[in-house]
Amino acid sequence: MKNLFFLAIISLVSFQTYSQNVNKEDSLIIKKIYDTALLEGKSYDWLDYLSNQIGGRLSGSLHAEKAVKYTETELKELGLDKVWLQPVMVPKWTRGAKEYAYIETAPGVTSTTDICALGGSVSTPLGGLKAQVIEVTSLDEIEKLGEENIKGKIVFYNRPMQANLIQTFKAYGGCVDQRYAGAMEAAKYGAVGVVVRSMNLRKDDFPHTGSMTYGDLAPNLRIPACAISTNGANYLSSTLKLQPKLKFYFNQTCRTFPDVQSYNVIGEITGSENPNKFIVVGGHLDSWDLGDGSHDDGAGCVQSMEVLRLFKKINYKPKNSIRVVLFMNEENGLRGGKKYALDAKNKKEDHIFALESDAGGFSPQGFSFDCDESSFKKIVSWKQLFKPYLVHFFEKGGSGADIGPLKKDGIVLVGLRPDSQRYFDYHHAANDIFEAVNKRELELGGAAMASLVYLFDTHF
Ligand SMILES: [Zn+2]
């Protein structure tokens with residue numbers, strides 16, 4: 001009993017000394033990471049080039065290929081151990097000419113409104129489509145209204161994002177079914193087109209695109225789908241109350257082509273102790289085409305590149321192999337994420353940790369972790385090291401779409417969690433541009449990511 005007591009005291013003391021030493025050394029390294037990121041960071045310059053010299057990087061586009069070449073070249077400049085391209089076939093959908101829409105309240109009395117085609121939508125018939133409108137707020141409502149009310153009409157999905165949810169991604173999650181499955185459901189009841197309220201908490205004139213599906217609906221039954229700006233949606237809704245028989249016209253010329261070859265861009269610092277254990281940090285290189293994809297997800301890509309650059313710069317030699325992966329085709333297919341995970345599995349690469357930044361380049365507040373309880377406990381013990389940098393959110397939850405396919409027992413999947421309050425002002429819209437990203441906030445995100453990767457690599 002007595003011996004046990006002494007043993008407990010000794011181990012407590014040695015644990016405290018150990019954790020103090022570890023913490024002191026860790027906090028010095030984390031400070032070095034932050035200093036380097038804020039005083040001589042590279043992520044903002046990379047984002048400037050991606051956004052302003054290349055622009056929106058829709059899968060299968062020339063811009064996406066330029067982004068592959070550019071980031072490959074920049075990663076090679078960093079003096080990593082390996083840089084390579086991983087081939088992946090991706091869908092190719094093109095928007096065509098700028099979309100056009102108006103609301104007609106009486107013959108010849110029209111007012112134009114801002115729309116954009118949803119990603120993957122078919123075009124309208126040549127010359128556009130004009131029909132009466134039926135407004136709904138859910139997919140269930142379609143079923144209740146049935147064919148007698150839906151047939152021949154344009155279905156207008158107008159359920160807004162819920163403004164009292166503090167985590168705006170939850171508000172997005174509560175609405176996105178309208179965009180993703182709205183056309184497929186409406187088509188089953190004979191609708192001729194679909195207009196979806198943009199997933200945006202702000203009132204403005206920007207329509208927000210995003211992916212949609214027709215499921216296994218036969219090609220001849222597929223109907224065109226567009227997003228309308230929040231101002232446009234409010235105007236259409238209020239006008240419908242006065243004039244229920246009004247007509248909506250829209251014209252879009254989008255097309256789907258056969259799949260094309262593209263690439264994930266990968267760079268690696270090979271581990272000094274465990275070269276066959278892999279840590280991934282990444283974002284997605286493709287983006288929607290309306291803006292230049294600076295927040296979604298140029299920011300996540302350059303922050304991930306910055307993690308490896310910071311390690312080289314402060315001369316940190318990781319124990320495990322650390323890879324930056326710039327995934328292709330998150331937005332309309334997730335082909336890059338799936339391909340990376342499949343290759344890793346085939347090559348029996350032991351992935352132990354993956355961190356994705358795909359929630360905007362805003363001030364980092366923390367991370368969410370998809371892992372087992374014991375891993376989470378250990379990670380939470382590092383929380384105090386982030387206190388000086390105002391990073392405090394350590395919760396269990398989702399990680400990132402591209403790293404999701406890596407999920408297996410024992411792996412720790414992590415999502416960077418920046419402040420999300422303004423994210424949906426820009427998400428998938430024409431205003432997601434370089435100017436919308438703040439240099440310091442972007443750099444703080446990269447530094448937080450590098451710090452977490454450092455801690456995991458050193459202590460796990
Ligand atoms: Zn994204």
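**Exercise 1. Is F250 buried or exposed, and what is its relative accessible area?**

Before we start, note that this is a predicted model: local features need pLDDT of at least 70, side-chain atom pairs count only at pLDDT 80 or more, and totals for chains, interfaces and linings use all residues. Residues are numbered from 1 along each chain as its sequence is written, and side-chain values use heavy atoms, with hydrogens and water left out.

*Solution.*
- Step 1: find the cut-offs. Buried means under 20% relative accessible area, exposed means over 50%, and partly exposed is in between (1.4 Å probe, protein chains only).
- Step 2: look up the residue. F250 has a relative accessible area of 0%, so F250 is buried.
- Step 3: place F250 in the fold. F250 lies in strand β9, residues 247-251. Helices (H or I, at least four residues) and strands (E, at least two) are DSSP runs, numbered from the N terminus.
- Step 4: list some neighbors. Leaving out residues up to four places away in sequence, F250 touches a group including Y100, I115, L129, V194 and C226. Contact here means heavy atoms within 4.5 Å.
- Step 5: compare sequence with space. F250 and L129 are 121 residues apart in sequence, yet their C-alpha atoms are 5.5 Å apart.

**Exercise 2. Describe the protein as a whole.**

*Solution.*
- Step 1: count the elements. You should get 12 helices and 16 strands.
- Step 2: check the compactness. The radius of gyration is 24 Å, close to the 23 Å that the globule rule gives for 460 residues, so the protein is as compact as a globular protein of that length. That radius is taken over C-alpha atoms, and the rule is 2.2 Å times the number of residues to the power 0.38.
- Step 3: draw the box. Along the principal axes, the C-alpha atoms fill roughly 90 × 50 × 40 Å.
- Step 4: look inside. Buried residues make up 55% of the 460 residues.
- Step 5: look at the contacts. Among contacts with a separation of 6 or more, 82% link residues 24 or more positions apart.

**Exercise 3. Find the nonpolar cores.**

*Solution.*
- Step 1: know what to look for. A nonpolar core is a set of buried Ala, Val, Leu, Ile, Met, Phe, Trp, Tyr and Cys residues joined through side-chain atoms within 4.5 Å.
- Step 2: take the largest one. This core has 67 residues, and those with the most contacts inside it are I33, L285, F311, F353, F367 and F369.
- Step 3: see who contributes. Helix α12 (residues 439-459) supplies the largest share of this core, 11 residues.
- Step 4: zoom in on F353. Not counting residues up to four places away in sequence, its contacts include F278, V280, I411, L452 and F456.
- Step 5: move to the other core. A second, separate core has 34 residues, L118, I134, C175 and A191 among them.
- Step 6: set this in context. In soluble globular proteins, nonpolar side chains tend to be buried together.

**Exercise 4. Examine the unusual backbone spots.**

*Solution.*
- Step 1: recall the usual case. Most residues other than glycine have a negative phi, and most peptide bonds are trans.
- Step 2: go to D296 and D297. The peptide bond from D296 to D297 is cis, with omega near 0 degrees, and D297 sits in helix α8, residues 294-313.
- Step 3: go to K348. K348 isn't a glycine, but its phi is positive, about 55 degrees. K348 is in the loop between α9 and β13 (350-356), and at 74% relative accessibility it counts as exposed.
- Step 4: go to H428. H428 also has a positive phi, near 65 degrees. H428 lies in the loop between α11 (423-426) and α12, and at 6% relative accessibility it counts as buried.

**Exercise 5. Which residues does G361 touch, not counting those up to four places away in sequence?**

*Solution.*
- Step 1: locate G361. You'll find G361 in the loop between β13 and β14 (364-370).
- Step 2: check its cover. At 0% relative accessibility, G361 counts as buried.
- Step 3: name the partners. G361 touches H295, A299, V437, N438, E441 and L442.
- Step 4: try one distance. G361 and E443 are 82 residues apart along the chain, and their C-alpha atoms are separated by 8.6 Å.
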